[in-house]
Amino acid sequence: MDLYEDCSHQEVYYLSDDDPGCKWALHGDITPSLRSLQQLNRLDLSGNYFMHKPIPKFLGAFRRLTYLNLSGAGFMGRVPAQLGNLSTLQHLDLSYNCYRDDEGGGSFCLSLENSGWISLLTSLRHLNMTWVSFTNAANWFQDLNALPHIQEIELISCDLGTFPRSLSHVNFTSLTTLDLRGNDINST
């Protein structure tokens, strides 16, 4: 069973492997020949079905991107640190990329091993990483705090457990939305 967004609504559906989403959705691999589009500033692959492959590292080569939306596209595995090369990125959405194995009883989602690359996205204003596992990303809060223009952060059901006890400097002067629903936060 696959879990991702329906292409026309913000609803989540469970679909069988033989019907992976919208009939018009892209399937399979993202071809590296996309690298030739170096002038690209917006890339929206949301609602497609990339068959539980990892996010391609070469997406970090699009240095002019201001908008990247990979939500509900059937990705899984580690989020590549190469996305930190996208210093002009203003909008990043990696939400709703999960696979649920009903037979094995597990869920497999995108995950962060190291969140340090997030702090390099200095133009970022909107970040949605709903259902991306932050279990192994110990410094995630400090890395988000390094974003000078961030306005909206959505980290719903991201396995966030604790916050640092203190920060030497709080940088969230532009933050208007912080959504941390569905996390087992064990801090005050």
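**Exercise 1.** Which side chains meet in a salt bridge at 2.7 Å, N to O?

*Solution.* Start with the source: the model is predicted. A search of the whole structure finds 2 salt bridges. Take the pair at 2.7 Å: Asp179 and Arg181. Now check the cut-off. A salt bridge needs a side-chain nitrogen of Lys or Arg within 4 Å of a carboxyl oxygen of Asp or Glu. Side chains of opposite charge can pair when their charged atoms come close.

**Exercise 2.** Sort Asp179 and Arg181: is each buried or exposed?

*Solution.* Recall the limits: buried means under 20% relative accessible area, exposed over 50%. Asp179 has 16% relative accessibility, so Asp179 counts as buried. Arg181 has 52%, so Arg181 counts as exposed.

**Exercise 3.** Find the residue that forms a salt bridge with Arg78, and place both in the chain.

*Solution.* The partner is Glu113, with the closest N and O atoms 3.6 Å apart. Next, locate them. Arg78 lies in strand S5 (residues 77-78). Glu113 sits in the loop between strand S8 (106-111) and strand S9 (126-128). The two are 35 residues apart, so the pair links distant parts of the chain. Last, check exposure. Glu113 is partly exposed at 37% relative accessibility, and Arg78 is exposed at 56%.

**Exercise 4.** How many helices and strands does the protein chain have, and in what pattern?

*Solution.* Count first: 1 helix and 11 strands. Then read along the sequence: β-β-β-β-β-β-β-β-β-α-β-β.

**Exercise 5.** What percentage of the 188 residues in the protein chain is buried?

*Solution.* Apply the cut-off of under 20% relative accessible area. Buried residues make up 42% of the chain.

Technical notes
Residues numbered from 1 in each chain as written. Predicted model: local features only at pLDDT ≥ 70, side-chain atom pairs only at ≥ 80, totals over all residues. Heavy atoms only, no water. Helix = DSSP H or I, 4+ residues; strand = E, 2+ residues; numbered from the N terminus. Buried < 20%, exposed > 50% of the residue type's maximum accessible area, 1.4 Å probe, protein only.
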